[in-house]
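Biologist: Before I plan anything around this protein, could you put the model on the screen and take my questions about its fold one at a time?

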Amino acid sequence: MVICFLIHTVCPVSALSAGESRILYSRSFGPETGDGSDFTSEQRRLMQKEKLQIVARQVRSAVALSREASGNPCVEAVLGEEAMALGEAECGVFSVGNVELFPDRSVVLWLGVQSLAFTLVCRPHENLLLAEGTLRSIVRHCLEELRLLGPGSEVLLKSDRVDAMLHRLLPHGQLLFLNHRFAFSLDKEIASYVSK
């Protein structure tokens with residue numbers, strides 16, 4: 001099961017310090033992981049926000065290391081073709097074992113495209129190849145249909161469309177095994193909804 005999905009920045013943003021990352025979109029799946037009545041709903045919300053910030057910072061560091069190793073520094077340039085950008089994306093995986101962060105050990109899969117990172121946090125027993133394929137499909141739809149890298153694009157204004165896309169590709173946080181025919185039909189359904 002997927003615990004959460006994030007879209008966040010990995011390159012410096014003028015309003016943030018050099019080491020920070022801004023979460024533009026987040027979606028958690030499954031029950032809340034609070035300690036019951038010990039915390040108010042506001043405290044649980046703040047704790048969840050901090051957990052996601054920690055994951056975003058770790059992914060930002062991983063993307064920076066990957067780009068440094070490949071000699072591809074972070075640039076804010078926008079490519080003309082989003083498909084080309086996905087081909088140049090960095091991807092990676094790491095494990096999170098911090099009990100305060102998530103109750104069990106979790107696996108973080110990330111895909112960095114220009115100044116954005118798309119992140120899935122999964123249970124450790126999940127099929128990582130299936131999770132990576134799902135993440136790449138989500139990113140492809142975000143880049144092609146939602147034009148998240150286009151000039152003037154705003155992830156926050158398109159959150160309802162990202163929600164609808166996740167509802168189809170990750171229903172209730174479950175990874176789907178798709179055959180080619182079903183994947184093609186799902187792609188057409190998502191494209192028709194997003195184009196409205």
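The questions and answers below deal with the sheet, the helices packed on it and the nonpolar cores of this predicted model.

Biologist: In what order do the strands of the open sheet lie?

Modeller: The open sheet has five strands, and their pairing is antiparallel. From one strand to the next the twist averages 15 degrees. Read across the sheet, the order is β2-β1-β5-β4-β3.

Biologist: Which are the edge strands?

Modeller: An edge strand pairs on one side only, and two strands fit that description. One of them, spanning residues 90-96, pairs with β4 in the antiparallel sense over seven bridges. The edge strands are therefore β2 and β3, as each of these pairs on one side only.

Biologist: Which residue in β4 is the bridge partner of Ser95?

Modeller: Ser95 belongs to the run 90-96, that is, to β3, and β3 and β4 are joined by seven bridges in the antiparallel sense. Within β4, the bridge partner of Ser95 is Val107.

Biologist: Which strands does α3 touch as it packs on the sheet?

Modeller: Helix α3 packs on the sheet with its direction at about 35 degrees to that of β4. Another helix, α4, also packs on the sheet, where it touches β1 and β2, its direction making about 35 degrees with that of β2. The strands touched by α3 are β1, β3, β4 and β5.

Biologist: Which element gives the most residues to the largest nonpolar core?

Modeller: This core has 31 residues, and those touching the most other members are Phe5, Ile7, Phe118, Leu135 and Leu170. Elements supplying at least two residues each include β1, β2, β4 and β5 among the strands, together with α3, α4 and α5 among the helices. With seven residues, the element that gives the most is α3.

Biologist: Which residues is Leu135 in contact with, leaving aside neighbours within four places in sequence?

Modeller: Leu135 falls in the run 128-144, which is α3, and is one of the core residues that touch the most other members. Leaving aside those neighbours, its contacts are Phe5, Leu109, Trp110, Leu111, Phe118, Thr119 and Leu120.

Biologist: Why does Ile190 count as buried?

Modeller: Ile190 lies in helix α5 and touches His141, Met165, Arg168 and Leu169, not counting residues up to four places away in sequence. Its C-alpha atom is separated by 9.3 Å from that of Arg161, 29 residues apart along the chain. Because buried means under 20% relative accessible area, Ile190 counts as buried at a relative accessibility of 2%.

Definitions and conventions: Residues are numbered from 1 along each chain as its sequence is written. This is a predicted model: local features need pLDDT of at least 70, side-chain atom pairs count only at pLDDT 80 or more; totals for chains, interfaces and linings use all residues. Side-chain values use heavy atoms; hydrogens and water are left out. A nonpolar core is a set of buried Ala, Val, Leu, Ile, Met, Phe, Trp, Tyr and Cys residues joined through side-chain atoms within 4.5 Å. Buried means under 20% relative accessible area, exposed over 50%, partly exposed in between (1.4 Å probe, protein chains only). Helices (H or I, at least four residues) and strands (E, at least two) are DSSP runs, numbered from the N terminus. Contact means heavy atoms within 4.5 Å. Axes are lines fitted to C-alpha atoms, for helices over the stretch in contact, and angles run from 0 to 180 degrees between N-to-C directions.
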